[in-house]
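Before reading on, please take a moment to look over the sequence and the structure shown here. The briefing that follows takes up aromatic rings and then a pocket.

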Amino acid sequence: MSGASETAALDSPAPRRTFWSAALMPWLLMSPALLIAIAFFGLPILFMGRMSFNAHIDQRFYVPDFTWDNYAAMLTDPTFRNAIWTTARLALISSIATVIIGYAFAMLVWLKPKRWRLAFVALALCPLLISEISIIFGWWMFFPKNGLLSYALVSSGLITDKISLMYTEFAAFVGLTYVTLPFCFFILLSIFDGIDKKVLEASADLGAAPLRTFHEVLLPLTKGGIAAAFAQSFIWAVGTYATPSALGPDTLWTIGYLIQEQMLGKHNWPRAAAFSIVLTVGVAIVMMIIRMLSSKRTALNG
Amino acid sequence: MADTAPPMEPPKLAHTPRARLDATLLRILGLAFTVFIIAYIAIPVVVTLVMSFNEASVIRFPIKAWSFAWYQDFFASPQWVDALKSSVIIALGTTVISTVSGVLAAWAFERFTFPLKSVVYLVIMLPLFMPGVVLGLGVAMAFGNVSIFGYDIYGTRGLVMLAHSLWAMPLVFMLMEATFRTVDHRIVEASYDLGGRPVQTFFEIVLPSVSTGIISSALFAFVISLNEFVMALFLTTRDTQTLPVLMWLSLRSAGTPRLAVASVVLAGAVFVSLALIMVWYVRQLKKT
């Protein structure tokens, strides 16, 4: 495909297109996109990198300085150390839940007749099209003592006293998984769509029970997809701090929450910048792992 | 299928009782999971929809009386209507910025070879994978004190549009890169052969053939911007506050059915634009 575009660009018969305009043209076309990426992402990251070495004295936003204090604080201060641990734990558990649910969901859609497909895909698009704040608020009305869950359980006679699951880690996981589920689902569905369903029949004909077919046929075929889906939802879960902080217990402080707290609450710019740099590096590492995994996969496939 | 299969093949026959039990179990499991996934995805949506028609001012189930009172309250409140307006303006701006820049960059990638292509690809795509809190904070810090012609750019809607484009533009770029690959090169070359200039060819031949892709990626850009609230939280002032930001701030103080109405309005805006595009798409299909 790229070969075709190459020859088209080089052998173009139009006389106006000199070498220079052909060489400049792509950069001209890309300039708005590059401008946005560099001016509003690259530059701010550099700015934050510098900011993270500044000091925070009295009530001023920042004082120019060169100190490692902000990074050292993350290792020494238990609040920040806990936040890193909490973020990693939340992201890990919710990503595992997301991958399991997303895998089952994608497999269901793949196995069901085609006419169900549109309805299921529309269902999976819902969490993607709804704002995170609306999702938070929806669960916020479901879990508390006077919420729908408690009312439904009491009125169905399953329990006698009202219960509240609000402000628990379980609520945080439910919300976080809800937010990351669609990404995972669509990645896995595209992997399943690439598998010929006849392998299932072949496996059954050879006498394998469904569980064995799953374990020895489907799982190896979808391994790469599972890794990609897991990494994708992990990245999202690490960055999503509003959902766990609104639904989880008060002590559930993630790095994202601390960034907001330092910036908007305490006006400690250098500290907020240092946290952001750590979060960015963490995301970059996960992305590099994905790239390595996916390049290995393509290398294996030829 | 299993019942109608001729009972000729010995392996299948030998496994029949076991296989039948397995099939029943699988069907039950599949059904249970279907119920679970529908309930899981529907719960927050249904709860919100139901609560928006509540008459009382507290969030409490069961709902005793139904009314449109909170809808009236929402549209009568200047603060909430302004936030909605701000959201729509920012989302439209983001759509224009990210669609134009994303489509052009994707075309450059499809049509040209140039040095450092993979590096440029990474530069364009990287912001999409960054947490909103990092992007919002970075832009807020870097542009917090910048003013152009004595006009502070911090707190303006334009800055929020550009920040939202950090997510929307790579998404448009990614979708359009895939879409442009489906364009038949022979048509483009035929246009060149007939004397069409590159710009003319792009606008008259290429763009119409990928209009569905452009419209869908523009819709994604619109939806992302409309729903986003972490970057907007860092970048807006009281005057430019978007609806999700206002919702987040009011959820922190107290939740009332007004928030449910705001959720419904926000989702309504998304689904209305989705429906408009469906109508456009169906018309487009009829034309050809």
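In this predicted model, one aromatic cluster is formed by A:Trp139, A:Phe142, A:Phe143, A:Phe170, A:Tyr178, B:Phe33, B:Phe36 and B:Tyr40. Counted over all chains, the aromatic pairs come to 41, and two of them are described below.

**Aromatic pairs**

- A:Phe142 and A:Phe143, both of which belong to the cluster named above, form an edge-to-face pair, with 5.3 Å from centre to centre and 70 degrees between the planes.
- Both A:Phe142 and A:Phe143 are buried.
- The rings of A:Phe183 and A:Trp236 make a stacked pair, because their centres are 4.9 Å apart and their planes stand at 10 degrees, which is under the 30 degrees that serve as the cut-off for stacking.
- Since A:Phe183 lies in helix α8 (residues 169-193) of chain A and A:Trp236 in helix α10 (residues 210-239) of chain A, this pair ties together parts that are 53 residues apart in sequence.
- A:Phe183 has a relative accessible area of 23%, so this residue is partly exposed, given that buried means under 20%.

**The second largest pocket**

- The second largest pocket has a volume of about 1600 Å³, and its lining is made up of 44 residues.
- A:Phe183 and A:Trp236 return here, for they lie nearest the centre of this pocket together with A:Gln232, B:Leu128 and B:Leu171.
- When the lining residues of the second largest pocket are divided by type, 34 are nonpolar, seven are polar and three are charged.

Technical notes:
Residues numbered from 1 in each chain as written. Chains lettered and ligands numbered in written order. Predicted model: local features only at pLDDT ≥ 70, side-chain atom pairs only at ≥ 80, totals over all residues. Heavy atoms only, no water. 1 Å grid on protein atoms, 1.4 Å probe; cavity = no way out; pocket = protein on both sides within 12 Å on 5 of 7 lines; lining within 4 Å. Points joined across faces, edges and corners; volume = space filled by probe spheres on them. Nonpolar A, V, L, I, M, F, W, Y, C, P; charged D, E, K, R; others polar. Phe/Tyr/Trp six-rings, centres within 6.5 Å; stacked < 30°, edge-to-face > 60°. Buried < 20%, exposed > 50% of the residue type's maximum accessible area, 1.4 Å probe, protein only. Helix = DSSP H or I, 4+ residues; strand = E, 2+ residues; numbered from the N terminus.
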